[in-house]
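Thanks for coming. I have one structure to go through today, so let me put it up on the screen.

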Amino acid sequence: MSPDTTAGPLASPDTAPAAPPRGLLARLGEPKALSWIAVAVVILAWELTVIVLQLNPIYLPRPSRIVVALFDMFRNGGLTTDLIATLTRIFGGFFIALVLGVALGVWMAVSVRVRAIADNFIAALYPLPKVTLIPLLIIWLGTGGPFMLTISMLGAFFPVVINTVLGISQCDQGLVLAARDLGASRRQIIRMVLLPSAIPSIFAGIRLGLGVSIILVVAAEMVVGKVGLGARLYLAGQVLETEQVFAVLIVLATLGIVVTKIQDAIDVRLGHWRVN
């Protein structure tokens, strides 16, 4: 009798049945797909509501008209220049705050005297609404680049400092003692033990600080800016160009999404580096 050649428990991988293809409904049920489906549903409902109720475009324009206005502003209205100006101000001040904030946070965490000196100043200035400093900064710095960089830096500085101190303070002291017993210097302990341990907390401060920087820069541009998304937003509101107002808001919302996704990707990479 010839051996049975039908597939059985010992069938080779080459003859194993392929996994059934996933259906469309299953793919649409994934979290990423659901998030974009929700956005599409809201936009469609918005469009239909404006059409059915015949709302005045001054109060609430249709999304399709907002998209047309957005492309026209990018093509002919100088919105690209405004976007570049705003991004330069936001990230210029943010990176200054990142360097200074992490450095001061590490110094405060490893030095009791430095922490005692800086603690009261940070406790007093952190809860102070940074928008209230705009008039004072205008008196000191004018309305140009230094003013914009400073207001952006102030938005991110305090969250980065506080979260750096918190992250390093929560480091496992057993790791520090082990590194010291192995002959590690103070600088090596900070670089190879304390900073990797504090990465999640520092990154939480970066998330908070960057969001505040964006808010403050746009607010400052609305007050004194001649170029930038905030200035464009204020000008469009003054002349009742509601479609342009929504177009600028879409740009700001898209900027928030892009920044969040980039932060997520960096967070993953830093997590791998921290584990290694």
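I will talk about a pocket and then about two loop residues. Please keep in mind that this is a predicted model.

Let me start with the largest pocket. The space inside it comes to about 510 Å³. Its lining is made up of 16 residues. If you want to find the centre on the screen, look for Trp36, Val39, Ile43, Thr254 and Ile257, which are the lining residues nearest to it.

Which helices supply at least two residues each to that lining? They are α2, α3 and α11. The largest share belongs to α2, with eight residues. As for the character of the lining, 12 of its residues are nonpolar, two are polar and two are charged.

Now the loops. Follow α2, residues 31-53, to its end, and you come to the loop that leads to α3, residues 63-76. Glutamine 54 sits in that loop. It is not a glycine, yet its phi is positive, at about 55°. Is glutamine 54 buried or exposed? Its relative accessibility is 69%, and the cut-off for exposed is over 50%, so glutamine 54 counts as exposed.

The other residue is leucine 240. Its loop runs between α10, residues 229-238, and α11, residues 242-275. Leucine 240 also has a positive phi without being a glycine, and here the value is about 60°. With a relative accessible area of 56%, leucine 240 is over the 50% cut-off and therefore exposed.

To go back over the loops: glutamine 54 lies between α2 and α3, and leucine 240 lies between α10 and α11. That is what I have for today.

Methods: Residues numbered from 1 in each chain as written. Predicted model: local features only at pLDDT ≥ 70, side-chain atom pairs only at ≥ 80, totals over all residues. Heavy atoms only, no water. Helix = DSSP H or I, 4+ residues; strand = E, 2+ residues; numbered from the N terminus. Buried < 20%, exposed > 50% of the residue type's maximum accessible area, 1.4 Å probe, protein only. 1 Å grid on protein atoms, 1.4 Å probe; cavity = no way out; pocket = protein on both sides within 12 Å on 5 of 7 lines; lining within 4 Å. Points joined across faces, edges and corners; volume = space filled by probe spheres on them. Nonpolar A, V, L, I, M, F, W, Y, C, P; charged D, E, K, R; others polar.
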